[in-house]
Amino acid sequence: MKRRELPASIQSSIYNFQFLMRTLPRSFYLRPTVRVARDLLGKYIVRVLRGRKLTGKIVEAEAYCEGDRASHSYRGRTKRNDVMFWEGGHLYVYFTYGMHFCANVVTRKAGRGEAVLIRAVEPIGGVDVMLKNRSGRNRRIARQSLSNLTNGPAKFCEAFRITREQNGIDLLGNQIYILNGVRIPESKVGRSARIGVNNGRERRWRFFVKGTAWVSR
DNA sequence: TGGACGATCCCCT
DNA sequence: GGGGATCGTCCAT
């Protein structure tokens, strides 16, 4: 039996799909941090949890750089912020306000201490698991509205069950990774000062996708 | 060894 | 829009 060629349009779709589903390479993370923050918009972060895949489209991110007074790394390397100084492409998770975790993508080469805080994602897959993760503490939460699920850095971590145990994970591994996505056009990218930051308020290093319900505040 | 505070969230007014 | 929850981290004694 003769093997038939797939129509060009389908071949193109398959190619696009494979491109979308490709894990971001190390080189993506080694670039300047502000660029990485902007380019993370529209990418898909995947968390493998007990055989389930939780997927979110990144819609808000903030850059924290070397010499930046708002950054955890500003006062040098400590036990807490150690992962920030690892090579780009690792996950830096920190604990704050006595009850919340926040997740960052480490950038640049080892020793720099720069990272991008993931502030919000749009839930794409595994929403049922996210709902469970978010309503575990008797909270009404996301039942009110799905946008409450992941529209903040600590909410994202709770929904994706990211805690200190995930601190230092390599994003080129198979537990938590980030897939390529469609590039968000410049016209849809918003930019502002970072949230909750006083030192460094003049730096407009927060990037978000305009018009989505999952951007914080 | 103590104290101030934080890249937040939720509930109540 | 304001305050309380809640605890690890860091720096000053």
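Biologist: Which ring lies under the charged end of R31?

Modeller: This is a predicted model, where local features need pLDDT of at least 70, side-chain atom pairs count only at pLDDT 80 or more and totals for chains, interfaces and linings use all residues, while side-chain values use heavy atoms, leaving out hydrogens and water. Residues are numbered from 1 along each chain as its sequence is written; chains are lettered from A and ligands numbered from 1 in the order in which they are written. A charge sits over a ring if NZ of Lys or CZ of Arg is within 6 Å of the ring centre and within 35 degrees of the ring normal. R31 has its charged end 4.6 Å from the centre of the ring it sits over, that of F28.

Biologist: And how far is the charged end of R164 from the centre of the ring of F95?

Modeller: Here too a charge sits over a ring, with R164 and F95 as the partners. The distance from the ring centre is 5.1 Å.

Biologist: Which ring partners F28 in an aromatic pair?

Modeller: Rings of Phe, Tyr and Trp (its six-membered ring) pair if their centres lie within 6.5 Å; planes under 30 degrees apart count as stacked, over 60 as edge-to-face and the rest as tilted. Four aromatic pairs are counted by this rule. In one of them, F28 meets its partner edge-to-face, at 5.3 Å centre to centre and 80° between the planes. The partner is Y29.

Biologist: Why is the pair of F156 and F160 tilted?

Modeller: The two ring centres are 4.7 Å apart. The pair counts as tilted because the planes of F156 and F160 are at 45°.

Biologist: Why does N81 count as buried?

Modeller: N81 belongs to the loop between β2 (52–64) and β3 (91–96), where strands (E, at least two residues) and helices (H or I, at least four) are DSSP runs numbered from the N terminus. Buried means under 20% relative accessible area, exposed over 50% and partly exposed in between (1.4 Å probe, protein chains only). N81 is buried because its relative accessible area is 1%.

Biologist: Which residue offers its backbone oxygen to a polar side-chain atom of N81 at 2.9 Å?

Modeller: A polar contact is a pair of N or O atoms within 3.5 Å; within protein, one must be able to donate a hydrogen and the other to accept it, and residues adjacent in sequence count only if both atoms are side-chain atoms. For N81, the backbone oxygen at 2.9 Å is that of G76.

Biologist: On to the DNA: which element gives the most to the surface near DNA strand B?

Modeller: A residue is near a strand if one of its heavy atoms lies within 4 Å of it, and 20 residues surround DNA strand B. Among the polar contacts, a side-chain atom of H100 lies 3.0 Å from a base oxygen of this strand. The elements giving two or more residues are β4 (100–107), β5 (114–125) and α5 (153–159). With three residues, the one that gives the most is α5.

Biologist: What percentage of the atoms of DNA strand C within 4 Å of the protein belong to sugar or phosphate?

Modeller: DNA strand C is surrounded by R75, T78, R80, F95, Y97, G98 and M99. A polar side-chain atom of T78 lies 2.3 Å from a phosphate oxygen, whereas a backbone N or O atom of Y97 lies 2.6 Å from a base oxygen. Bases make up the rest of those atoms, and the sugar or phosphate part is 71%.
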